Amino acid sequence: MKIYYHLPGLFEFYDLYKAFLPLFREHREYFYDWCEIGSIYGAPSDCIWGGGRVGFGDAEPRKVAELMQEYGISARLTFSNSLIREEHLADARCNKLSQLFESSADSNAGEMRAIQNGVIVHSDLLLNYIKSKYPNYYFVSSTTKVITDFEQFKAELDREEFRYVVPDFRLNKQFDKLNALTNAQKQKVEFLCNECCWFGCYDRKKCYENVSQKSLGENCEDHVCVSPKAQRGYRFSDAMKNLGFIGIEDIQNIYAPAGFQHFKIEGRSLGSALILEFLLYYMTKPEHQLKVREEIYLDSTLDLF
């Protein structure tokens, strides 16, 4: 069974992917043959429909669209702002972006195959607007909804609007309930693998709402994280100890045999050097990790941080 990873930083880590994707294509022997890149997701800076994380991506959208098309990878726009109001729907920047990525998915220049692009969305108001105006996208229900009730999660899976649903990471290990899903439902589940957020967090929705406020340009206080280890920031070694963490052996030995194929890697707000570590851990054979790391680090055009 093929496993599909959905990777962070469509606009944020354009330079990293520009270096990594040729390696992934030309040296496929470096990587596990059972995994593919299902999509790369993100949003540029100053994108008011954006959510989840405050966007800092500064790559030129047309170049991003061309890179994804060149490598046959679905681009996902992260439009997961939860506080969208009617007046926000006319935003010129977000509509221009939507038009660009919808049309890039339709084109078929030369021998490049057309790939359908997607939108990660929280607001039903925005979902209905994009469906009506830009009908060629598929949609992903955002983890920013913080769906921790399993029955609510099942109801979300049954919504026809969504091709995929990303549950809150605290549902990741509810195996009895997950295994009881229908095959159709399992194909729509996209697990968030490497969340570092405190498993006992009771304020996650407010954290996401704070990001949505900032994306809209509203004057608001910074959200104060309630995690006992908030001062440490994101560390992959901490994420690996999280009760909701899904490691590569979990994917191979538990989730894939049960019929789950889609796994989301978080990290849009992190540095490109840490994103590379995710790509090495989840996708690269151990004996080739040093080769991939050297190829990336020795790329003189790439400023890893």
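Student: Is Arg293 buried, exposed or partly exposed?
Tutor: This is a predicted model, and the answer rests on computed accessibility. Buried means under 20% relative accessible area, and exposed means over 50%. Arg293 has a relative accessible area of 26%, so the class is partly exposed.

Student: Which residue forms a salt bridge with Arg293?
Tutor: Arg293 lies in helix H12 (residues 289-297). The partner lies in helix H11 (residues 272-283), 16 residues apart from Arg293. At 27% relative accessibility, the partner counts as partly exposed. The closest N and O atoms are 3.2 Å apart, and the partner is Glu277.

Student: How far apart are the closest N and O atoms of Arg85 and Glu87?
Tutor: Arg85 counts as partly exposed at 37% relative accessibility. Glu87 counts as exposed, at 53%. The two form a salt bridge, with the closest N and O atoms apart by 2.8 Å.

Student: Which residue meets Asp124 in a salt bridge at 3.1 Å, N to O?
Tutor: Asp124 sits in helix H4 (residues 124-133) and is partly exposed, with a relative accessible area of 36%. The partner sits in the loop between helix H5 (150-157) and strand E6 (164-165), 35 residues apart from Asp124. The side chain that meets Asp124 is that of Arg159.

Student: Which residues are linked with Asp124 and Arg159 in a network of salt bridges?
Tutor: The salt bridge between Asp124 and Arg159 is part of the picture. The network also links Lys145, Glu156 and Glu161.

Student: How many salt bridges does the count come to?
Tutor: The rule asks for a side-chain nitrogen of Lys or Arg within 4 Å of a carboxyl oxygen of Asp or Glu. By this rule, the count is 11.

Technical notes. Residues numbered from 1 in each chain as written. Predicted model: local features only at pLDDT ≥ 70, side-chain atom pairs only at ≥ 80, totals over all residues. Heavy atoms only, no water. Buried < 20%, exposed > 50% of the residue type's maximum accessible area, 1.4 Å probe, protein only. Helix = DSSP H or I, 4+ residues; strand = E, 2+ residues; numbered from the N terminus.
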